[in-house]
Amino acid sequence: MKHHIIAKFNESVTDKKSLISEIEALYSAADDYPFIKSCSVIPNCVARPNRYDVMIVLTLAEADLPLWDASDLHKTWKSRYGDFLEKKCIFDCEE
């Protein structure tokens, strides 16, 4: 399945491009987790106030969601970047 994390940065983020580069660097470690089959960090290409800023897409089995939730990568994402998020949406779907 595809696990989408869609995030909108809050007003404290003045350099979205730089922050997205940091997020890409963080998620480059997804290869270290055998239950993650693929990972993409996709920046938004339209700068409008009603748009989200970044989408992270992980491919994994639904049964592996607890492994994702307990992973150091997920914990680091939440602790390091949670304060920069105005809102986020989680969306799961079959491939």
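The following conversation walks through a predicted model of one protein chain.

Me: Where should I start, and how many salt bridges does the structure hold?
Reply: The structure, which is a predicted model, holds 1 salt bridge. In that salt bridge, the side chain of D53 meets the side chain of K16, with 2.9 Å from N to O.

Me: Which parts of the chain does that pair tie together?
Reply: D53 belongs to the loop between β2 (38–43) and β3 (54–59), while K16 belongs to helix α1 (residues 16–27), so the pair ties together parts that are 37 residues apart in sequence.

Me: And D53, is that residue buried or exposed?
Reply: D53 counts as buried, because its relative accessibility is 8% and the cut-off for buried is under 20%.

Me: What about K16, how is that one classed?
Reply: K16 is partly exposed, as its relative accessible area is 38%. That value falls between the limits for buried, under 20%, and exposed, over 50%.

Me: How far is K16 from V54 in space?
Reply: The C-alpha atoms of K16 and V54 are separated by 9.3 Å, and the two residues are 38 residues apart along the chain.

Me: Staying with the loop between β2 and β3, where does N50 lie?
Reply: N50 lies in that loop, between β2 and β3. N50 counts as exposed, with 55% relative accessibility. From C-alpha to C-alpha, N50 and K8 are 9.2 Å apart in space, although 42 residues apart in sequence.

Me: Switching to the inside now. Which residues touch the most other members of the largest nonpolar core?
Reply: Those are I23, Y27, W68 and W77, in a core of 25 residues. At least two residues of this core come from each of β1 (2–9), α1, β3, α2 (65–70) and α3 (72–81).

Me: Which element gives the most to the core?
Reply: Helix α1 gives the most, with 5 residues. K16, the salt-bridge partner of D53, also lies in helix α1.

Me: Back to the surface. Which residues form the negative patch?
Reply: The negative surface patch is formed by E62, D92, E94 and E95.

Me: Where is E95 placed, and how accessible is it?
Reply: E95 is in the segment after β4 (85–93). E95 counts as exposed because its relative accessibility is 69%, and exposed means over 50%.

Me: What about C93, where is its place?
Reply: C93 is in strand β4. C93 is partly exposed, with a relative accessible area of 26%.

Me: How far apart are C93 and E62?
Reply: C93 and E62 are 9.5 Å apart in space, C-alpha to C-alpha, and 31 residues apart in sequence. E62 is also one of the residues that form the negative patch.

Me: One last residue. Where is P34 found?
Reply: P34 is found in the loop between α1 and β2. P34 is exposed, having a relative accessible area of 68%.

Me: And what separates P34 from I90?
Reply: Their C-alpha atoms are separated by 21 Å, and P34 and I90 are 56 residues apart along the chain.

Me: Could you restate which residues to look at for the salt bridge and the patch?
Reply: For the salt bridge, they are D53 and K16. For the negative surface patch, they are E62, D92, E94 and E95.

Key: Residues are numbered from 1 along each chain as its sequence is written. This is a predicted model: local features need pLDDT of at least 70, side-chain atom pairs count only at pLDDT 80 or more; totals for chains, interfaces and linings use all residues. Side-chain values use heavy atoms; hydrogens and water are left out. Patches are made of residues with over 30% relative accessible area and no salt bridge: like charges are joined within 9 Å, nonpolar side chains (Val, Leu, Ile, Met, Phe, Trp, Tyr) within 5 Å. Accessible areas come from the Shrake-Rupley method with a 1.4 Å probe; for residues, only the protein chains shown count as cover. A salt bridge is a side-chain nitrogen of Lys or Arg within 4 Å of a carboxyl oxygen of Asp or Glu. Lys and Arg count as positive and Asp and Glu as negative; His and the chain ends are not counted. The place of a charge is taken as NZ of Lys, CZ of Arg, CG of Asp or CD of Glu. Helices (H or I, at least four residues) and strands (E, at least two) are DSSP runs, numbered from the N terminus. Buried means under 20% relative accessible area, exposed over 50%, partly exposed in between (1.4 Å probe, protein chains only). A nonpolar core is a set of buried Ala, Val, Leu, Ile, Met, Phe, Trp, Tyr and Cys residues joined through side-chain atoms within 4.5 Å.
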